[in-house]
Amino acid sequence: MLTILSVDKVTKQFRKHEVVLKNITLDIKEGTFTAMIGASGSGKSTLLNIMSGLLKPTSGSVLYKGKNLTMFDDNEIANFLRNEVGLIFQNYYLLSHLTVEENINIGISNTGRHYDLNEISKVLGIENLLRHFPSELSGGQQQRVAIARAIMKKPSILYCDEATGALDEANSKKVISLLHRIRQQYGITIIFITHNHEIAKTADRVITIKDGMVYRDTTCTNPISVEQMSWA
Ligand SMILES: Nc1ncnc2c1ncn2[C@@H]1O[C@H](COP(=O)(O)OP(=O)(O)OP(=O)(O)O)[C@@H](O)[C@H]1O
């Protein structure tokens, strides 16, 4: 399997604050689903933001397909984010004055390369909602629209920061199962931050961050299916 992302000796220190990330080194293989877990404040989002190019590390490097993201200028980062990266957060960040279809189309990058809207909306089960506005949708439906927007551009890598954090059990399971399906169908690499250990059990690999370091890094040869998840 090819390495899509190489994080090498990354540290991060915010001004006047303690060191948040301490010498993180890890590789991410193409087409895998990696869960990142760890206590609140351990540094997961900071690491994800550095891995996606949203944030520069204090030292160390992040190679994306061999290119050093940490050396990119603002324009190169903007192009990288626009063309290669999908981002999903706990809050859906849909634009309220645009329809679902218009929100999804925002995700299309200027490369012109994109999936077919009808296909993606069918995969995500939102094909009947395209003319609706976000306020008319449930949280789970809104998150599925946010996923559609994130993957329309055919990103190579999808970063999810607590993507199911605001959803109930049924909607969380639906979203996780759709993300696994998207990975299988389109080969998108997924990195998924979660506090939910059952969700982590569905991943190929679980990285535990503790006090800004990789505390545990487990490859799961036999991840559980979404149906096998027990929701505590
Ligand atoms: N822009 C910033 N300026 C200063 N400190 C920051 C900044 N961003 C994050 N931090 C600090 O870095 C530490 C790690 O934060 P981070 O959000 O990465 O943790 P996390 O593991 O994702 O937490 P959570 O699970 O609660 O989202 C925290 O102590 C936080 O206060």
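Tutor: Two residues are in contact if their C-beta atoms, placed from the backbone, lie within 7 Å. This is a predicted model: local features need pLDDT of at least 70, side-chain atom pairs count only at pLDDT 80 or more, and totals for chains, interfaces and linings use all residues. Residue numbers start from 1 along each chain, as its sequence is written.

Student: Which residues of α5 and α6 meet under that contact rule?

Tutor: From α5 come Gly139, Gly140, Gln143, Arg144, Ile147 and Ile151. In α6 they meet Asn171, Lys174, Val175, Leu178 and Ile182. These residues divide into five nonpolar, four polar and two charged. Here Ala, Val, Leu, Ile, Met, Phe, Trp, Tyr, Cys and Pro count as nonpolar, Asp, Glu, Lys and Arg as charged, and the others, Gly among them, as polar.

Student: What makes a stretch a helix or a strand here?

Tutor: Both are DSSP runs, numbered from the N terminus: H or I over at least four residues for a helix, E over at least two for a strand. The chain has seven helices and ten strands.

Student: Why is α5 called roughly parallel to α6?

Tutor: Two packed helices are described by the angle between their axes and the distance between the axes. Helix α5 (residues 139-151) and helix α6 (residues 169-186) pack at about 20°, with axes 9 Å apart. Axes are lines fitted to C-alpha atoms, for helices over the stretch in contact, and angles run from 0 to 180 degrees between N-to-C directions. Angles under 35 degrees count as roughly parallel, over 145 as roughly antiparallel, 65 to 115 as roughly perpendicular and the rest as oblique. The angle of about 20° falls under 35 degrees, so α5 is roughly parallel to α6.

Student: What is the hand of the α5 and α6 crossing?

Tutor: Right-handed. That name applies if the near helix is turned clockwise from the far one by less than a right angle; anticlockwise would be left-handed.

Student: How do you know how compact the chain is for its length?

Tutor: Compare its radius of gyration, taken over C-alpha atoms, with the globule rule: 2.2 Å times the number of residues to the power 0.38. The chain gives 17 Å, close to the 17 Å from the rule for 232 residues, so it is as compact as a globular protein of that length. The C-alpha trace spans about 45 × 45 × 35 Å along its principal axes. Among contacts between residues at least 6 apart in sequence, 71% join residues at least 24 apart.

Student: Why does Ala200 count as buried?

Tutor: A residue is buried if 20 or more other C-beta atoms lie within 10 Å of its own, exposed if 12 or fewer, and partly exposed in between. Ala200 has 23 such neighbours, so it is buried. Ala200 sits in helix α7 (residues 197-200). Not counting residues up to four places away in sequence, Ala200 touches Ala35, Ile37, Thr194 and Val206. Buried residues make up 38% of the chain's 232 residues.

Student: What makes helix α1 mostly covered?

Tutor: Seven of the eight residues in α1 (residues 44-51) are buried. They are Lys44, Ser45, Thr46, Leu47, Leu48, Ile50 and Met51. Just after α1, Gly53 takes a positive phi of about 85°.

Student: Why is Glu227 classed as it is, buried or exposed?

Tutor: Glu227 has 7 C-beta neighbours inside 10 Å, so it counts as exposed. Glu227 is found in the segment after β10 (213-219).

Student: What is notable about phi in Tyr93?

Tutor: Most residues other than glycine have a negative phi. Tyr93 has a positive one, near 55°. Tyr93 lies in the loop between β6 (85-89) and α3 (100-105). With 13 C-beta neighbours inside 10 Å, Tyr93 counts as partly exposed. Lys154 has a positive phi too, near 60°. Lys154 is in the loop between α5 and β7 (157-161), and its 18 C-beta neighbours make it partly exposed.

Student: Which residues does His114 touch, leaving out those up to four places away in sequence?

Tutor: Ile108, Met152, Lys153 and Lys154. His114 and Met152 are 38 residues apart in sequence, but their C-alpha atoms are 5.4 Å apart. His114 lies in the loop between α3 and α4 (117-123). His114 has 16 other C-beta atoms within 10 Å, so it is partly exposed.
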